[in-house]
Protein chains: 2
Amino acid sequence: MNAPQMTRNQALVFDVLEKAEGPLSAYTILDKLRDQGFRAPLQVYRALEKLLEYGVVHRLESINSFVACAHPGEDCHSHGIVAFAICESCGQVIEFHDHEVDHRLMGWVRSQKFKPAKTTIEIRGTCEACAA
Amino acid sequence: MNAPQMTRNQALVFDVLEKAEGPLSAYTILDKLRDQGFRAPLQVYRALEKLLEYGVVHRLESINSFVACAHPGEDCHSHGIVAFAICESCGQVIEFHDHEVDHRLMGWVRSQKFKPAKTTIEIRGTCEACAA
DNA sequence: TCAATTGCGTTATGCTATAACGTGTGCAAT
DNA sequence: ATTGCACACGTTATAGCATAACGCAATTGA
């Protein structure tokens, strides 16, 4: 799915995520958009829902946060499974793709006749810069 | 880490999880233990924290739920990374391990000098039985 | 024009998780 | 024996994450 026209709210939320250093929670996004007239969580969640659909934002399940896709302009859905390394110290996220991992996972899934809809790979730990 | 002696609360929570068909949320566990005297979420969360440490319970990040480890008696931490296929229709969870996936992920992590602490792999979709 | 769709704003609510306090118990060191 | 510590526990309160349900406005396409 490619992004059609973003609405004002979607653009605002996306902008906040793109300019952020790392992942943000929905409520943090809300706070950053109070000046633009945001008042309720739903305004954020609805925008996020679309941005996730468009493939320009990812949800980090293990930390209940959202991050802009690292591949601006492209549709991340076409890269296969997306994996994330999340630094628990500084919050930075590195996004990466590994086709061999995809292949193994999808092979297993196939052998079980399981129909995958959404796959999450998240590695929490400490990034190089933060390792003492 | 191997499980030492479980306390009463830990045993109760573990028992509920083992007898369950699929993953349960902390609050669902709480409800199931009201008759045994449970009154507050913390009683559940504290027990879960220990059970996770012991490696006899897994947390499913993408659905905020908990499930008993599929390898009774063993310490799941020794199996390498644990992956889950979660059926969004019936709720059943299949736990599996793939050393090649571990290897690729850990290889990438190593190349980034990233220190992994906890890795999550969860595939949400539809199981064979539920596929129409 | 009419109906369907989509986005939006608002209020209310529900679910998930932890902070902070105090109690009791077992155990080891003195 | 007493003191000090670690640990599990119980309780109350609160924080953080997410969605239900309502109604309105704008757009589109038959």
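Helices (H or I, at least four residues) and strands (E, at least two) are DSSP runs here, numbered from the N terminus. I also note that the expected span of a helix is 1.5 Å times one less than its number of residues.

**Ground rules.** I'm working on a predicted model, where local features need pLDDT of at least 70, side-chain atom pairs count only at pLDDT 80 or more, and totals for chains, interfaces and linings use all residues. Residues count from 1 along each chain as its sequence is written, chains are lettered from A and ligands numbered from 1 in the order written, and side-chain values use heavy atoms, with hydrogens and water left out.

**Entry 1: H3(B).** I began with the span of this helix. H3(B) has 14 residues and runs 20 Å from first C-alpha to last, close to the 20 Å expected at 1.5 Å a residue. Next I looked up burial (buried is under 20% relative accessible area, exposed over 50%, partly exposed in between, with a 1.4 Å probe and protein chains only). The buried residues in H3(B) are B:Val44, B:Ala47, B:Leu48, B:Leu51 and B:Tyr54. Why do they line one face of the helix? Seen down the axis of H3(B), they fall within an arc of 115 degrees, so they share that face; the arc is taken over the directions from the helix axis to the C-beta atoms. An α-helix has 3.6 residues a turn, so residues three or four places apart point the same way.

I then checked what the buried side packs against, with contact meaning heavy atoms within 4.5 Å. The partners of those buried residues are helix H1 (8-19), helix H2 (26-32), strand S1 (57-60) and strand S2 (65-68) of chain B. On the face turned away from the buried side I found the exposed residues B:Arg46 and B:Glu49. After H3(B) comes B:Gly55, with a positive phi near 80 degrees.

**Entry 2: DNA strand C.** I counted a residue as near a strand if one of its heavy atoms lies within 4 Å of it. Of the 15 residues around DNA strand C, A:Thr7, A:Gln43, A:Arg46, B:Tyr27 and B:Arg59 come nearest. H3(A) gives the most to this surface, four residues. On the DNA side, 45% of the strand C atoms within 4 Å of the protein belong to sugar or phosphate, the rest to bases.

For polar contacts I used pairs of N or O atoms within 3.5 Å. What does the side chain of A:Arg46 reach on strand C? One of its polar atoms lies 2.3 Å from a base nitrogen. The side chain of B:Tyr27 has an N or O atom 2.7 Å from a base nitrogen of strand C, whereas A:Asn9 has one 2.8 Å from a phosphate oxygen.

**Entry 3: DNA strand D.** Around DNA strand D I get 15 residues, the closest being A:Tyr27, A:Arg59, B:Thr7, B:Gln43 and B:Arg46. A side-chain N or O atom of A:Tyr27 is 2.8 Å from a base nitrogen of strand D. Phosphate oxygens of strand D lie 2.2 Å from a polar side-chain atom of A:Arg59 and 2.8 Å from one of B:Asn9. H3 of chain A together with H1 and H3 of chain B each give two or more residues to this surface, and H3(B) has the largest share, four residues.

**Entry 4: B:Thr119.** I found B:Thr119 in strand S5 (residues 115-126) of chain B. Buried or exposed? B:Thr119 is buried, at 14% relative accessible area. Leaving aside neighbours within four places in sequence, its contacts are A:Glu122, A:Ile123, B:Ile81 and B:Met106.

Technical notes:
Polar contact = N/O pair within 3.5 Å; in protein donor to acceptor, adjacent residues only side chain to side chain.
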